[in-house]
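Subject: Structure handover

Hello,

Here is the structure I promised to pass on. Please open it first, then read my notes below.

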Amino acid sequence: MAETTNLVTLTAESFHGVVIEGSHRQPVLVDFWADWCAPCRALMPILAKLAAEYAGKLTVAKLDTEQEPAIASQIGIRSLPTVLLFKDGQVVDQFMGALPEAQVRELLERHLPRESDALIARARRTLQAGDAAGAEELLEQARSIDPDNARLVPAQASVREASGDCAGALALLERVPLEIADDPEVTALRGRLHFAQVTADAPGEGALSERLAADPGDSEARYLLAARRAARGDYQTALDQLLTLIRSDRGYRDDAARKAMVMIFDLLGGEGPLVARYRAKMLSALY
């Protein structure tokens, strides 16, 4: 492989700067190879071609494991070629063996910045500023140049959410590509939309509280009250109500209380003291 500014040979001294630090600026694809490895030699021209094609978006680096065995051992390389993709200092994808160019390209496309990503980011900022129509216009531009960008769907759903069309937003989320279906952004949006839809025609909190005071076994009132609290961000109170519902009426709406608790955990980012505490309480109530 001919050396270019986008295709570099790694040493023990340069690995941290090129790969770990460099991947905070743009993704770095590292090819672990050896001269005796025939599949390594078959893969090299493909990587060289992609390095030139993705210049400015991707760094391709090669590390000769015969010359730098300590690095290969430290990272846990067991077979050659092994190719790791680093982003923000971490391995985000990898493959082993001499894959065809199309498969290597498909892997890269999942992680490299796209022109439409910038438009989607602008649309999100525009939506945060309260301009849903402007955000939709930017997303239309993004769709026109890159209709296959998976990030379009949750962005469009967010615009529908902001416009009050929860049903339309949920319908869009049903078409979210599998590769991002469990992304925190998507799961949190799904949770917000669920609680907004559940409470759309529900009685107010005062009326629901009165129903519970009169009949603590009113599962519907307890669930709707929890949903209303979750919809306005009072997650702890919502979790308390749902936990009570799990204990008193586990089968309500096909396990709706447990599912709602999981949605709240997603809304909270899936971690933190509140999530840890109530996840433990939920598991104790279930089992």
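I start with the pocket. Keep in mind throughout that this is a predicted model. Fourteen residues line the largest pocket, and Glu-109, Arg-110, His-111, Arg-114 and Arg-151 are the ones that lie nearest its centre. What is the make-up of this lining? It divides into nine charged residues, three nonpolar and two polar. The volume of the largest pocket comes to about 460 Å³.

Next, the cores. The largest nonpolar core holds 31 residues. Which of them have the most contacts inside it? They are Phe-195, Tyr-223, Leu-242, Met-261, Ile-264 and Phe-265. Six helices each give two or more residues to this core: H9 (184-198), H10 (205-214), H11 (219-231), H12 (235-248), H13 (256-267) and H14 (273-286). A second core is separate from it and has 17 residues, among them Leu-43, Ile-46, Leu-85 and Phe-95.

Phe-195 is a good place to begin in the largest core. Leaving out residues up to four places away in sequence, Phe-195 touches Ala-227, Ala-230 and Ala-231. On the same terms, its other contacts are Ala-260, Met-263, Ile-264 and Leu-267.

Two residues of helix H12 deserve a look. Ala-238 sits in this helix, and so does Gln-236. Are they buried or exposed? Ala-238 counts as buried because its relative accessibility is 0%, and buried means under 20%. Gln-236 is partly exposed, because its 39% falls between the cut-offs of 20% and 50%.

Their contacts are as follows. Ala-238 is in contact with Ala-226, Arg-229, Ala-230 and Ile-264, setting aside neighbours within four places in sequence. Gln-236 touches Leu-274, Arg-277 and Tyr-278, with residues up to four places away again not counted.

Two distances go with these residues, both taken between C-alpha atoms. Ala-238 and Arg-222 are 16 residues apart along the chain and 9.3 Å apart in space. Gln-236 and Leu-107 are 129 residues apart in sequence, with 41 Å between them.

Now the strands. Strand E4 covers residues 82-87 and is mostly covered, with five of its six residues buried. What does E4 pair with? Strand E2 (residues 28-33) runs antiparallel to E4, and five bridges join the two. In that pairing, Phe-32 stands opposite Thr-82. E4 also pairs with strand E5 (residues 90-96), again in the antiparallel sense, over six bridges. Across from E4, Asp-93 of E5 stands opposite Leu-85, and Gln-94 of E5 stands opposite Leu-84. Leu-85 is also one of the residues of the second core.

E4 and E5 form a hairpin, and two residues lie between them. Asp-88 is in the turn and has a positive phi of about 55°.

That brings me to the backbone. Most residues other than glycine have a negative phi, and most peptide bonds are trans. Some places here depart from that pattern.

Where is the cis bond? It joins Leu-80 and Pro-81, with omega at about -10°. Pro-81 belongs to the loop between helix H3 (69-75) and E4.

Next come two residues in one loop. Arg-253 has a positive phi of about 50°, though it is not a glycine. Asp-254, not a glycine either, has a positive phi of about 55°. Arg-253 is found in the loop between H12 and H13, and Asp-254 has its place there too.

How accessible are they? Arg-253 is at 42% relative accessibility, so it counts as partly exposed, between 20% and 50%. Asp-254 has a relative accessible area of 59%, so it is exposed, the cut-off being over 50%.

That is my list. If you follow one thread, take the helices that supply the largest core. If you follow a second, take E4, which pairs with E2 and with E5.

Best wishes

Notes:
Residues are numbered from 1 along each chain as its sequence is written. This is a predicted model: local features need pLDDT of at least 70, side-chain atom pairs count only at pLDDT 80 or more; totals for chains, interfaces and linings use all residues. Side-chain values use heavy atoms; hydrogens and water are left out. A nonpolar core is a set of buried Ala, Val, Leu, Ile, Met, Phe, Trp, Tyr and Cys residues joined through side-chain atoms within 4.5 Å. Buried means under 20% relative accessible area, exposed over 50%, partly exposed in between (1.4 Å probe, protein chains only). Helices (H or I, at least four residues) and strands (E, at least two) are DSSP runs, numbered from the N terminus. Contact means heavy atoms within 4.5 Å. On a 1 Å grid over the protein atoms alone, a cavity is a set of points where a 1.4 Å probe fits but cannot get out, and a pocket is an open set with protein on both sides within 12 Å along at least five of seven lines; lining residues have an atom within 4 Å of a point. Grid points are joined across faces, edges and corners, and a volume is the space filled by probe spheres set on the points. Ala, Val, Leu, Ile, Met, Phe, Trp, Tyr, Cys and Pro count as nonpolar, Asp, Glu, Lys and Arg as charged, and the others, Gly among them, as polar. Two strands pair if DSSP finds at least two bridges between them.
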